[in-house]
Amino acid sequence: MPMFRKLLIANRGEIACRIMRTARRLGIDTVAVYSEADATSMHVEQADEAWSIGAAPARESYLSIDKIIDVARRTGAEAIHPGYGFLSENPAFAEACAAAGVVFVGPSASAMRLMGSKASAKSLMERAGVSIIPGYHGDATDLASLEREARRLGFPLLVKASSGGGGRGMRLIESLDQLRDAVAAASREALSAFGEGRVLLERRLLRARHVEVQIFADAEGGCLAFQERDCSLQRRRQKILEETPAPGLARELREAMQQAAVTAARSVGYVGAGTVEFLLEDGRFYFLEMNTRLQVEHPITEMVAGQDLVEWQLRVAAGERLPIGQEALHLRGCAIEARICAEDPQQDFLPSTGLIERLRLPDLGEHIRVDAGVRGGDRITPYYDPLLAKLIVWGEHRAAALQRLQRALDQFEIVGPATNLDFLRALSRETWLESGAYDTTSVEANAAELRRTTPLAPEDERVILAAGAAVWLSDLCLEARATAAGRDGACAPWDATDGWRLDGRQGADVEFLMNDQRIKLRLHPEGEGAFRLESNGHAARVEFAPSGAELRLCVDGVWREVGVVRRAAALVIVLRGRNHVLAPHDPLRSASRPGDSDRRLIAPLPARVTRVHATNGQVVKAGASIVTLEVMKTEFVLRAPRDGAIAGLACKEGEWVPEGATLAYISDDAAPVVAATNGEG
């Protein structure tokens with residue numbers, strides 16, 4: 001019999017879907033909650049029942065304790081799983097569950113208050129004799145107190161949200177004059193993501209590794225520690241790739257960290273899943289924080305341990321003992337997780353929104369797993385975290401796991417919002433990653449190299465151009481057949497009997513723009529479903545068989561399959577996971593007005609304006625902060641693209657602005673103050 005009959009999942013996206021899989025296997029009915037923005041989402045479809053809880057902003061839906069408790073009462077849910085993020089580390093939510101007679105799948109509110117707050121957890125661990133990073137986590141958090149402590153600690157410093165995790169509410173500062181803005185921004189971001197905006201200060205270790213230990217405890221006093229995870233590979237101080245075990249970690253150090261993690265859990269009577277995070281530098285480790293919830297990267301621990309940690313959570317929440325003890329925990333091999341996010345590495349990882357036009361997962365199996373929260377046809381909105389899916393691989397040893405990760409990333413296909421897939425592909429092949437010689441600064445230090453576009457091999461370029469030509473011909477063929485009402489059965493424009501020719505010879509010319517280059521192709525028929533392609537002095541025979549979103553084609557005797565996404569003014573050809581945009585060249589296309597684009601500050605995607613830094617008429621230098629936007633629980637500063645004066649502001653704090661909106665206009669001087677309008681001159 002199941003431990004619960006009905007479980008409410010107070011979350012969304014991939015973690016909600018992942019919890020549902022375990023619940024379904026255990027025979028537990030699931031209840032989903034959703035905002036207006038998620039009405040057609042994957043987690044809503046997969047649940048046994050789903051209830052709307054409000055508008056898109058998280059504070060009006062996923063952070064509303066009263067609404068979630070009300071759904072639990074109305075559905076008869078016996079337990080609530082919070083997932084991660086949102087209310088997962090909110091002790092008031094755990095207390096509200098207890099008051100409503102609903103089991104909270106997580107630690108007690110008291111343990112959460114002690115360990116879920118970075119400030120109180122540091123004080124507790126300091127008293128227990130565990131080294132902590134120099135910093136300030138006192139009660140006084142007014143600006144004057146923080147400035148005084150910052151002078152005492154020295155720089156660089158991190159301003160960090162006391163609650164929550166995932167890199168939200170964190171700012172790096174190099175000098176005292178950056179403190180005020182960093183505190184305000186970190187507090188706003190944490191308040192939006194977790195509902196609590198208190199911050200603390202922490203010295204920045206310059207060459208540290210971020211290593212964490214998964215612990216699990218039951219109500220009978222049982223407590224164990226799993227193998228550590230290395231989470232040092234981060235961008236914007238948020239994890240993108242994790243592995244277990246940590247490469248090169250000495251056994252004595254591993255055991256000491258595990259013991260410290262168990263000590264932390266036992267000191268507060270912890271029950272459930274938790275993760276104790278450390279920074280490791282020069283052979284010493286320092287307590288960083290404890291996450292009183294399931295981690296995003298928990299699947300790699302599951303892969304090496306052969307256990308289902310969500311099942312463990314449910315069993316412990318139902319009052320059962322841990323399924324096994326420390327001595328029975330057998331760990332084998334290496335596992336790696338890569339986070340697939342809707343973000344643009346070329347724009348400092350700016351989150352991306354839009355329709356997922358194509359989604360194709362790698363070949364799955366015993367050693368390759370994908371935890372996804374989206375499907376093809378879903379629309380990514382600006383309201384929530386940009387995480388789309390997690391790719392998890394296992395290998396008998398680290399080299400095997402890395403090779404499996406590289407192959408799976410090459411098979412992963414997403415067309416629509418910008419993603420970090422190409423960035424992850426480059427990262428997975430870095431020599432310093434393969435050697436395990438990395439730390440928390442490695443990704444940022446090598447970001448320019450990782451963003452660099454890999455030149456196309458000549459044979460791949462021919463395949464892409466051949467695919468574009470084949471799709472172009474197929475579309476013209478359909479038009480010809482429709483025009484001729486099927487009379488001649490034309491299969492290409494040169495086969496039609498209506499006199500179609502471009503230049504009087506049997507053949508056709510087509511021009512594409514690819515990677516800002518104009519490429520001219522000459523096509524000659526060679527029987528049904530085949531043509532000869534000539535470009536840049538090279539020729540190739542092409543056979544093709546289009547089939548919906550896939551295209552099989554043979555270029556010079558080698559058959560390939562590519563993905564095809566048709567857009568209004570372009571084609572996207574997907575080859576080995578990488579997207580290549582081909583736009584038919586139109587010589588009559590009007591050019592944009594020269595010099596205009598670099599005068600406008602444009603909203604890169606739908607977002608909320610959290611701060612306007614400038615005023616009309618203000619003289620600014622290139623790079624000056626003009627507007628701060630919040631999107632997907634993260635703040636981004638838009639800066640002046642050139643020297644000049646603010647000649648019109650078209651936004652105000654607190655409002656939502658659409659993608660492409662003109663937020664400000666930069667004139668050459670301060671004399672004419674004009675009103676900028678969204679999307680117009």
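**Figure 1. Strand 16 and its partner strands 13 and 23.** In this predicted model, I336 of strand 16 stands opposite V393 in strand 23. Strand 23 spans residues 387-395 and pairs with strand 16 in the antiparallel sense, over 8 bridges. Strand 13, made of residues 238-244, also pairs with strand 16 in the antiparallel sense, here over 4 bridges. E337 of strand 16 is the bridge partner of E242. Strand 16 runs over residues 334-341, and 8 of its 8 residues are buried, so the strand is largely enclosed by the rest of the structure. C334, I336, A338 and I340 point one way from the strand, while A335, E337, R339 and C341 point the other way. The residues on both sides are all buried.

**Figure 2. Surroundings of R369 in strand 21.** R369 lies in strand 21, which covers residues 368-372. The relative accessibility of R369 is 19%, and the cut-off for a buried residue is under 20%, so R369 counts as buried. The side chains of R369 and D371 are joined by a polar contact of 3.0 Å. Leaving aside neighbours within four places in sequence, R369 is in contact with R18, R21, H298, P299, E302, L364, K390, L391 and I392. One of these, R18, is a buried residue of helix 1.

**Figure 3. Helix 1 and the residue G27.** Helix 1 consists of residues 13-25, 13 residues in total. From its first C-alpha to its last, helix 1 reaches 19 Å, close to the 18 Å expected at 1.5 Å a residue. Because 10 of its 13 residues are buried, helix 1 is largely enclosed by the rest of the structure. The buried residues are G13, E14, I15, A16, C17, R18, I19, M20, T22 and A23. G27, just after helix 1, takes a positive phi of about 80°.

**Figure 4. An open sheet of 4 strands.** The sheet has the strand order 6-9-7-8, with antiparallel pairing. Strand 6 (135-136) and strand 8 (170-173) are at the edges and have a single partner strand each, so one side of each is left without a neighbour in the sheet. Strand 7, residues 157-161, and strand 9, residues 199-203, pair over 5 bridges in the antiparallel sense. V159 stands opposite L201 in strand 9. Across strand 7 and strand 9 lies helix 6 (residues 118-127), which runs at about 50° to strand 9.

**Figure 5. Packing of helix 5 against helix 6.** Helix 5 is formed by residues 109-116 and packs with helix 6 at an angle of about 85°, their axes being 5 Å apart. At that angle helix 5 is roughly perpendicular to helix 6. Helix 5 makes the contact through R113, L114, M115 and G116, and helix 6 through K118, S120, A121, L124 and M125.

**Figure 6. Helix 12 and its buried residues.** Helix 12 has 14 residues, 398-411. The helix reaches 20 Å from its first C-alpha to its last, close to the 20 Å expected at 1.5 Å a residue. Of the 14 residues of helix 12, 10 are buried, so the helix is largely enclosed by the rest of the structure. The buried residues include the charged-letter positions R398, R404 and D410. The others in the buried list are A400, A401, L402, L405, Q406, A408 and L409.

How values were computed
Residues are numbered from 1 along each chain as its sequence is written. This is a predicted model: local features need pLDDT of at least 70, side-chain atom pairs count only at pLDDT 80 or more; totals for chains, interfaces and linings use all residues. Side-chain values use heavy atoms; hydrogens and water are left out. Two strands pair if DSSP finds at least two bridges between them. Helices (H or I, at least four residues) and strands (E, at least two) are DSSP runs, numbered from the N terminus. Contact means heavy atoms within 4.5 Å. Axes are lines fitted to C-alpha atoms, for helices over the stretch in contact, and angles run from 0 to 180 degrees between N-to-C directions. Buried means under 20% relative accessible area, exposed over 50%, partly exposed in between (1.4 Å probe, protein chains only). A polar contact is a pair of N or O atoms within 3.5 Å; within protein, one must be able to donate a hydrogen and the other to accept it, and residues adjacent in sequence count only if both atoms are side-chain atoms. The expected span of a helix is 1.5 Å times one less than its number of residues. Angles under 35 degrees count as roughly parallel, over 145 as roughly antiparallel, 65 to 115 as roughly perpendicular and the rest as oblique.
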